[in-house]
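I opened my notebook to look at how one protein model is built and where its charges sit. My entries follow in the order I looked things up.

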There are 2 protein chains.
Amino acid sequence: MAGTTDALKRVMLGRALASNRLGETLLPKRIALPVFCSDPISSVAYATEQILLVLGTAGAASFLGFAAPIAVAVAVLLAVVVASYRQTCFAYPSGGGAYVVSKDNLGRNASLTAAAALLVDYVMTVAVSVVSGVVAITSAFTSLAPYAVPLSVGFVVLLAIINLRGVKESGTAFAFPTYAFVALTFLLLASGIYRALTGGIPEAVSAHLEPEQTAQVGGVFTLLLCLRAFASGCTALTGVEAVSNGVPAFQEPKSKNAATTLLIMGALAISMFSGITGLALASHAQAYSEGNPSVISQIADSVWGRGFFFFAFQAATAGILILAANTAFNGFPTLASILAHDRFLPHQLRNRGDRLAFSNGILLLAGVSAVLIVGFDANIEKLIHLYIVGVFTSFTLSQLGMVRHWRDELSRTSDYRRSIRRSQLINGTGAFVTALVLVLVVVYKFLGGAYLAIGAMIVLFFLMRGIRRHYDDVSIELQPEPAGSIRPSRNHAIVLVSELHAPTLRALAYAKATRPSDLIALTVAVDDEKDRQLQAAWNAWQMDVPLTIVSSPYREITRPVLDYITRIHRDSPRDVVTVFIPEYVVGQWWEHLLHNQSALRLKGRLLYQPGVMVTSVPYQLRSSEKAADLENPADAPALRL
Amino acid sequence: MAGTTDALKRVMLGRALASNRLGETLLPKRIALPVFCSDPISSVAYATEQILLVLGTAGAASFLGFAAPIAVAVAVLLAVVVASYRQTCFAYPSGGGAYVVSKDNLGRNASLTAAAALLVDYVMTVAVSVVSGVVAITSAFTSLAPYAVPLSVGFVVLLAIINLRGVKESGTAFAFPTYAFVALTFLLLASGIYRALTGGIPEAVSAHLEPEQTAQVGGVFTLLLCLRAFASGCTALTGVEAVSNGVPAFQEPKSKNAATTLLIMGALAISMFSGITGLALASHAQAYSEGNPSVISQIADSVWGRGFFFFAFQAATAGILILAANTAFNGFPTLASILAHDRFLPHQLRNRGDRLAFSNGILLLAGVSAVLIVGFDANIEKLIHLYIVGVFTSFTLSQLGMVRHWRDELSRTSDYRRSIRRSQLINGTGAFVTALVLVLVVVYKFLGGAYLAIGAMIVLFFLMRGIRRHYDDVSIELQPEPAGSIRPSRNHAIVLVSELHAPTLRALAYAKATRPSDLIALTVAVDDEKDRQLQAAWNAWQMDVPLTIVSSPYREITRPVLDYITRIHRDSPRDVVTVFIPEYVVGQWWEHLLHNQSALRLKGRLLYQPGVMVTSVPYQLRSSEKAADLENPADAPALRL
């Protein structure tokens, strides 16, 4: 069993990697860009559409013109946030996610709020990115539409497997679609500009789309509409913080490389987003309120027609959308590991798996996002409302923390004061702007579904506090005390006996070797026939240990043994009772089914008994030797999760 | 958790019963009759229909006249089998099912064949009886028809719960519908005879049913048709062996009471079956090839009209059909317990649960028959083909065994030779007749589905042989030898350490108290930071036990510990290594999730290591004390399966 599972694991994930190979998996910038930035870059594929969608609902094509200033505002916001996070990369070379920054500067509650926001946001990134990638595929191949849920879950599983293989290989696997998308987008922009200069771009298929409702006009209405379109357009910013979280995964000099990568990402995203919005306006493209064809595919259609480049671009779009989820597969497990290290999440999330990735975090993220995809029936319209509220919560807290960080720096040092003040100004601007956007997003998205994300954040917040409290309580109880080293005065040994067979003899011999104060053999009378046989065998073998029989009117093993031990413990509470359990060990899982599991149950219960030690005296049957060999192939470590 | 489960169990099943109350659950004849005979009595409800169904397919109403001689043949067969099994009741007062009888007289393979046949047959009894009872209900209330599968499974679950409560209460619960069915059937016969004498019975609704195919005439065809109808009519015999299996459940004198019950059952079944067939012929009722109304309901309709008695009779019919499954719920767990005692089935099936019923057998039977019902979509037409082949296999083997039994008696004693020869003649006739029927049944039912039942019997046969071989192998390996008592020369103690906390101190103190030859503390280096902390604490506490650190490049706990121990064992194979594992015990299940399960995994693996003893040194946290109290309410024993 374990052997087979292990072999399967090796085929899927590759050989185990030693800890000292962690350095080898550090990323150069050209790989770090697709690994950490596929999320913000891919959002270019739908951010323009989100703006046009809101403006389109207003009912008059004239409103679409507002897309230009709104897009400029989003681009400026993106630039501000990128600039802010570049400061973080330098200030926190060991990884400066919103959690770490707010923990250092704003205290526990702020940092847990940021952590909860990030965890929710990572899950949403996986769900939204994978589902919108699948929507792109199913729009191209409509016959696949009924399989949207299994396809999406399948991609989540695939991402999980790739990430379990380790951080470097996943980077290589993801580089191609990201660069293909970037290259084709710039080719699209170049072609579009060329056509605009040489005779104009043909109109998009949706250019004369009828509005769904009649136009409402008014200054306040126009303002609210633009704010709402802006809030929707802010999806372009999701995932920017991944780089600052992932600084330790960069090659040296880590901070500088990370900051440069952020800059490259910002430049790419802003120019692509602006260009696409410009072309959308030039081709008079509008967004359909229900799906396809997407604005970006309408533009490609107008500029290129339905030829090779159109389909290559569609494929790259679908590819980068699905792979954007990979940003979260890097961010979530790392953050979970940090939180586990700080004892806000279970220990199991803290450690690296045998391919040096944080296996449990990867599995948890994949599981929760798969549940979300199934629960929302892979419906992107509903899922997207849960998104970005987490992003901007963590943005705001992170920037606020950085403002405080620079203030502390100023009070500590008299060097570089100008530079520090400049950084503080940048982060202050970031904090102010992202806080404004957060309010906008909460207002406009709350009823649509953001309340679910906010609820999840609140639950996570209190869950993490509860876990920490539990660990703290246990840690206090486990404090070593000098009195803890005092040896027990007497040790009563009890060997549990069901039959007089070789394991029993071995247990008795071993029990004697531990030189207890006294030694008895204990059996529970369940079956008269077996009891008589045992008594007879005991006499025939002339055993020198007395056999004590306790009766069990309810044909039950555990209770009478516990009662017997409780009585000893009550009579002499300072003594220790050692229970020796002879166990024979079989090899195959089905062989376990053929033997009573009373010993296992009894062992579990005895652990709750104060002053009782439980010793298993195993007796290996021949079939178990084969099983032990199988589970110990020389070059593969045993399974661990 | 365990406390809640236990409370639920008590509400469902009642208080645990002590072993010495087993005598109280012995059955008087008036209760034993419904408990063991509801199956053969209920088959009266459909046996006539099965005969008419085969004759009806022949295409001419004239063939229906053959139903009379065929019914007589079935009645004679029933009388022969009842007479045969009465001999068994006297010869085997401790329970003489086909398995026990063929084991005693025909050897292992014949007895395992009989056992496999019976086990399959019991499962089929549950499935067929429950489903046909539900068909009766859904025919009356057609709106329930789509819920046939969940209804059937629900009844199986209900039967399982009633039987888990214990044998006597289930008898009382089942007495009423059985007696109601018997009484109403005799009232129907009486009313029918009265009406026949005073002006004739009105024709049944199906009297002028058009045949589905044209008549084929010919001597050989008629003969084959009658044999086939006879094979189908033999469903009337299912379940007759239950009484001989259940002799020990009867009140004293067990054998005599059982034989008398069998006689009463035979008399009831033969007279009811003959009477119903007679009334069917008198009212010219025919069987519909697809379901309703059933022949027996057509008769009731003709005789009584659709009044109170008609509906009461329908209710009693549905009731006894579902409860017929109870025969199997008595027979299967008892047989499984005998087989487990003979080590052909796992130990777990051997013991009585805390209500003195064989709980695991009941659960197994309910599970398998529920799967069968779901798998066959509660389709009675398909299920019935899998039936009776097992019945007649066990009949034949059982009677053959009895013939051999009486031959041995003759060779042993010179008393009662006439009486013994008479018994032998009866069983010989039974064996001959049932063997003939078995051949008929296999021929006529094989392709319809009997091949599945036969396949299951073959699988069970080899499975039981395999299980016995495993137990025999283990038993030989476990033979005690005088050398097994030799004390190990040296005992190396290893205390596993992850942190220096109170449980570690306690484990070290206890390890010292066992006076080992040498003692070390062992830790695995996974995390540099934690290792330094541990080293520092070790020095600060001035521990007198050396701390050994083994490195773990793959961040894995189990492997390095196993390697270390293997090395000690290789150096001195005659010594013993005792591994002390400090464990802290938390109370709630969710608390377990918050602590690494490495200790549990390691313990499991160490059991496979020769010469290694594993001692758990538990350290109870405060929360665990509450949990221990909850699991030990004063009057309810801990859960066991």
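**Entry 1: burial.** I began with how much of chain A is hidden. Of its 641 residues, 56% are buried. I kept in mind that this is a predicted model. I then looked up the surface of chain A, and about 26,700 Å² is exposed. Carbon and sulfur atoms supply 63% of that area.

**Entry 2: the fold.** I looked up the helices and strands next. Chain A has 23 helices and five strands. I also checked the contacts in chain A with a separation of 6 or more. Residues 24 or more positions apart account for 83% of them.

**Entry 3: salt bridges.** I turned to charged pairs. Side chains of opposite charge can pair when their charged atoms come close. Over all chains, I noted 19 salt bridges.

I picked out Asp301(A) first. Its side chain meets that of Arg306(A) in a salt bridge, at 3.6 Å from N to O. Are these two buried or exposed? Asp301(A) counts as partly exposed, because its relative accessibility is 23%. Arg306(A) counts as exposed, because its value is 55% and the cut-off for exposed is over 50%.

**Entry 4: a buried pair.** I moved on to Glu583(A). It forms a salt bridge with Lys603(A), and the closest N and O atoms are 2.7 Å apart. Which parts of chain A does this pair tie together? Glu583(A) lies in strand 4 (residues 576-585), and Lys603(A) lies in helix 22 (residues 598-606), so the pair ties together parts that are 20 residues apart in sequence. Both Glu583(A) and Lys603(A) are buried.

I looked up chain B as well. There, the side chains of Glu583(B) and Lys603(B) meet in a salt bridge at 2.7 Å, N to O. Glu583(B) is in strand 4 of chain B and Lys603(B) is in helix 22 of chain B, and this pair links distant parts of the chain. Glu583(B) and Lys603(B) are both buried.

I also found a network in chain A. Arg343(A), Arg468(A) and Asp472(A) are joined in it by salt bridges that share partners.

**Entry 5: a charged patch.** Last, I went to the surface. Which residues form a positive patch there? I wrote down Arg487(A), Arg515(A), Arg487(B) and Arg515(B). I then located Arg515(A). It sits in the loop between helix 18 (502-513) and strand 2 (518-525) of chain A. Arg515(A) is partly exposed, because its relative accessible area is 45%, and buried would mean under 20% and exposed over 50%.

Technical notes: Residues numbered from 1 in each chain as written. Chains lettered and ligands numbered in written order. Predicted model: local features only at pLDDT ≥ 70, side-chain atom pairs only at ≥ 80, totals over all residues. Heavy atoms only, no water. Helix = DSSP H or I, 4+ residues; strand = E, 2+ residues; numbered from the N terminus. Buried < 20%, exposed > 50% of the residue type's maximum accessible area, 1.4 Å probe, protein only. Contact = heavy atoms within 4.5 Å. Areas by Shrake-Rupley, 256 points an atom, 1.4 Å probe, with all protein chains shown as cover. Salt bridge = Lys/Arg side-chain N within 4 Å of Asp/Glu carboxyl O. Patch = residues over 30% accessible without salt bridge, like charges linked within 9 Å, V, L, I, M, F, W, Y side chains within 5 Å. Lys, Arg positive; Asp, Glu negative; His and termini not counted. Charge placed at Lys NZ, Arg CZ, Asp CG, Glu CD.
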